[in-house]
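I set out to look up how aromatic side chains and helices meet in this model. My entries follow in the order in which I consulted the structure.

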Amino acid sequence: MEPRGNAPRHLVVVGGGMVARRLVDALRARDGEGQWAVTLLCEERRAPYDRVALTSYFTGRDPEDLALGGQEIWDDPLVTIRRGVAATAVDRSARTVTTSDGRTLAYDSLVLATGSYAAVPPVPGHDLRGAFVYRTIDDVADLRSYVESLRGELDRPLRGAVVGGGLLGLEAAGALRALDVDATVVEFAPRLMPLQVDDGGGEALRRLIEGLGVSVRTGTATARLTDHLGRVARMHFADGPALDVDVVIFAVGVRPRDELARDAGLEVGERGGVVVDDACRTIDPAVWAIGEVACIGGRCLGLVAPGYAMAEVVADRLLGGEGTFPGADLSTKLKLLGVDVASFGDAFAQEPGALEVVVSDPVAGVYKKLVMSDDAKTLRGGILVGDASAYAALRPMVGRELGGDPVAHLLPEGAAPAPTGDLPDDAAVCSCNNVSAGAIRCAVTEGGCSDLAGVKACTKAGTSCGSCLPLVKRLVTTELEKSGVAVSNALCEHFDLSRAQLFDVVRVQGLTSFSEIIARHGRGRGCDICKPVIGSVLASLGTGHILEGERAALQDTNDHVMANLQKDGSYSVVPRIPGGEITPEGLLVIGQVAKDFGLYTKITGGQRIDLFGARIDQLPGIWKRLVDAGFESGHAYGKSLRTVKSCVGSTWCRYGVQDSVGLAIDLELRYRGLRSPHKLKLGVSGCARECAEARGKDVGVIATDNGWNLYVGGNGGFTPRHARLLAEDLDTETLVRTIDRFLMLYIRTADRLQRTAAWVEEYEGGLDAIRAVVLEDSLGIADDLDAAMAEHVGSYEDEWAATLADPEKLRRFASFVNAPEEPDPSLAYVGERGQARPATPEEREGGAVLIAGTTLEVRP
């Protein structure tokens with residue numbers, strides 16, 4: 001298509017979901033000549049976000065963290081996003097769209113990416129207060145708000161139920177458990193996830209889910225909901241006893257949002273959805289449909305990968321290409337309630353002559369099945385429950401000879417072969433972004449990519465769900481080795497050693513400065529990769545204050561001023577509150593400091609109080625007040641121990657079996673200031689109810705009647721992981737010693753910015769090998785690890801207290817070097833919910849009040 005003169009054509013995209021964002025990204029990436037200007041109508045008030053990760057909203061993750069891709073796309077002059085604006089009508093003859101704010105937009109092409117809505121069965125009582133769906137951030141925010149308000153009214157544990165035992169239903173059950181609500185999943189089919197797993201997989205999944213404290217009712221039809229005082233109180237079934245409930249979530253599927261298309265006279269499918277051809281074009285050549293609303297090949301596809309493929313096709317077509325939809329890869333791999341579930345290919349062995357190879361271990365909670373051709377050579381599909389580590393390597397082999405004994409591919413993680421070397425070029429490695437093995441190899445051999453990061457940037461492989469990354473990494477390594485390129489583990493261009501090797505060198509040789517280290521073992525002047533790493537290594541070895549001498553220049557932005565930089569250029573202050581326990585006097589001090597300095601206050605997910613909006617020149621004054629009151633740095637700015645979260649345990653809770661608060665405080669005071677390759681978070685729960693969410697932490701401790709269970713390698717963030725059991729029923733002394741050794745081994749051997757979860761997976765021998773080191777001293781280094789931790793504990797010094805006592809260090813805390821007493825005039829704030837927040841550019845133009853002196857006044 002040719003643009004009309006120099007003016008770009010206008011593309012209107014209706015819908016603000018993941019697939020709409022992919023279309024905008026793909027079009028702008030390819031449209032170098034600026035043929036198209038894009039307007040995105042986003043009905044929600046948020047830019048497109050990751051719906052797949054909705055449940056992380058309940059584990060303290062900021063909704064803004066779910067935003068897709070970089071924000072620079074919204075600054076593109078050819079892209080306009082209109083948040084909170086829906087399309088209400090389409091006039092195909094005039095080629096216009098009417099919007100909910102009363103405007104009319106003319107289009108040259110229109111893309112419908114309206115997605116779907118959560119279906120609600122016609123169950124009497126489905127509209128009662130306390131009944132929810134699970135689809136958007138607003139849905140989950142409403143759910144959380146309701147649960148929190150209800151908990152304040154009822155002096156007992158809350159009870160919840162989820163109608164639907166599919167993917168969404170188990171996600172919703174996970175949300176209830178994250179909210180500390182007892183959960184029951186009610187599924188009409190005879191097994192959980194009936195569209196993804198067979199009877200054997202469903203039974204294994206049921207045992208695993210029930211083992212996590214979620215009740216399951218399969219083969220059960222919900223008849224009605226009844227209320228008490230106007231809110232849902234009981235769930236009744238077609239047969240069997242009723243269930244008392246406080247909250248109900250409907251997760252029975254979705255329906256395409258095709259009402260706009262219907263009203264515009266577009267063809268819709270028998271079961272809904274806008275009918276499109278292989279180019280994703282409707283009966284109107286100027287109108288396209290992609291994602292869940294598109295009915296292609298007679299059906300709507302509810303997975304994100306086919307939607308992404310449709311977006312790429314439309315982007316290609318808009319620029320004159322001939323792209324067609326390649327077909328749907330309906331493979332899925334998810335972690336639901338911490339349980340791995342995957343299915344791919346002909347998972348139910350429906351093709352003629354199918355042969356099933358099954359490995360089932362009820363004790364370990366693992367069910368694995370491969371569907372083979374009748375000669376047991378060609379892989380047709382599979383189901384993996386409990387351990388889906390083989391998924392990345394097996395899925396691309398569907399339709400190909402697997403080679404060897406199929407059972408070998410179902411062995412436990414680490415023992416199964418990794419069939420990557422002979423993977424055909426056309427085998428799909430990343431289904432989300434439609435990247436083949438050949439494209440990855442080409443990125444290495446012809447594209448000049450020499451590492452995983454380069455291949456991800458070049459091909460987009462592994463940038464969506466991430467499940468293919470292990471396979472991508474193996475392909476990259478194999479291809480580099482074939483090309484005769486030595487695969488380097490060097491830290492950066494200035495050091496040939498890895499971080500772990502460098503740590504040992506510095507420790508053994510007793511080096512204490514960057515100059516010494518680079519003179520002996522590196523070259524050049526260093527960079528923003530190696531300098532922070534060496535700064536962290538030196539801090540981990542306890543060789544002095546992070547701002548002492550030349551070490552100050554090694555630190556990242558936050559460490560450089562021992563505070564977290566915020567988006568407006570101000571900083572946050574986070575005093576340590578061990579175990580979340582704080583006295584009324586301490587609360588009063590923090591409150592008075594916040595009031596005197598005009599700081600925004602918020603309780604963090606780690607049971608601390610965050611103070612936002614501090615200028616750099618205010619930091620010493622704020623910390624002087626806090627240190628004098630007995631507070632220490634919370635190290636929220638460092639790659640170090642952040643918090644040890646705890647429930648109240650046996651101190652107050654009627655369910656507690658051990659003193660979780662006392663242990664959490666002891667652990668936090670023991671590991672405070674411990675510098676590491678990445679941040680560390682710990683949790684201690686006083687009973688199996690797990691209120692401290694310890695299994696989502698790098699180190700999690702859960703009380704038992706006989707002592708403590710120790711879990712390691714969990715984390716939230718971009719790739720959430722559940723911690724894995726390291727040892728059971730430990731006494732307190734053994735527990736602390738084991739954690740000491742685990743943390744020190746991690747600090748010594750992990751890569752830069754590698755979380756404990758990834759480190760445990762990549763450590764040679766995995767968790768079993770780590771267990772042998774820390775519990776059985778298999779490497780003979782236990783005494784050394786113990787001594788290293790003892791040295792840390794004995795040499796701890798609060799960084800801010802030491803800084804306040806050193807005039808030289810205090811000189812760096814000034815907004816302007818030539819005017820140290822002058823506050824930064826660029827900071828502007830407005831009032832919101834009784835506090836000050838950074839003003840938007842529009843609010844600045846409207847006259848938001850600037851900070852002056854040490855007092856912030858907020859203009860109404």
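Entry 1. I looked up the burial of two aromatic residues in this predicted model, and I found both Tyr746 and Trp759 buried. I then asked which wider group they belong to: Tyr746 and Trp759 share one aromatic cluster with Phe742 and Tyr763.

Entry 2. I searched the whole structure for aromatic pairs and recorded 8. I took up Trp623 and Trp800 from this search; the pair is stacked, with 5.7 Å centre to centre and 15° between the planes. I noted where the partners lie: Trp623 belongs to helix α16 (residues 619–628) and Trp800 to helix α22 (residues 799–804). With 177 residues separating them, the pair links distant parts of the chain. I checked accessibility as well, and Trp623 and Trp800 are both buried.

Entry 3. I returned to Tyr746 and Trp759 for their geometry. Their rings form an edge-to-face pair, 5.4 Å centre to centre and with 65° between the planes. I assign this class because the angle is over 60 degrees. Tyr746 is located in helix α18 (residues 732–749) and Trp759 in helix α19 (residues 756–762), so the pair ties together parts 13 residues apart in sequence.

Entry 4. I next followed α18 to another helix. Its axis and that of helix α21 (residues 782–795) come within 9 Å, crossing at roughly 90°. I therefore record α18 as roughly perpendicular to α21. On the α18 side, I listed Arg737, Asp740, Arg741, Leu743, Met744, Leu745 and Arg748 in the contact. On the α21 side, I listed Ala782, Asp784, Leu785, Asp786, Ala788, Met789 and His792. I sorted the residues of this contact by character and obtained 7 nonpolar, 1 polar and 6 charged.

Entry 5. I looked for charged groups over aromatic rings and noted two cases, listed here.
- Arg22 lies over the face of Tyr308, 4.0 Å from the ring centre.
- Arg689 has its charged end over the ring of Tyr655, 4.3 Å from the centre of that ring.

Entry 6. I closed with totals for the chain. I counted 24 helices and 40 strands. Of its 860 residues, 52% count as buried. How much of the contacts with a separation of 6 or more comes from residues 24 or more positions apart? I recorded 61% for the chain.

Technical notes
Residues are numbered from 1 along each chain as its sequence is written. This is a predicted model: local features need pLDDT of at least 70, side-chain atom pairs count only at pLDDT 80 or more; totals for chains, interfaces and linings use all residues. Side-chain values use heavy atoms; hydrogens and water are left out. Rings of Phe, Tyr and Trp (its six-membered ring) pair if their centres lie within 6.5 Å; planes under 30 degrees apart count as stacked, over 60 as edge-to-face and the rest as tilted. Helices (H or I, at least four residues) and strands (E, at least two) are DSSP runs, numbered from the N terminus. Buried means under 20% relative accessible area, exposed over 50%, partly exposed in between (1.4 Å probe, protein chains only). A charge sits over a ring if NZ of Lys or CZ of Arg is within 6 Å of the ring centre and within 35 degrees of the ring normal. Axes are lines fitted to C-alpha atoms, for helices over the stretch in contact, and angles run from 0 to 180 degrees between N-to-C directions. Angles under 35 degrees count as roughly parallel, over 145 as roughly antiparallel, 65 to 115 as roughly perpendicular and the rest as oblique. Contact means heavy atoms within 4.5 Å. Ala, Val, Leu, Ile, Met, Phe, Trp, Tyr, Cys and Pro count as nonpolar, Asp, Glu, Lys and Arg as charged, and the others, Gly among them, as polar.
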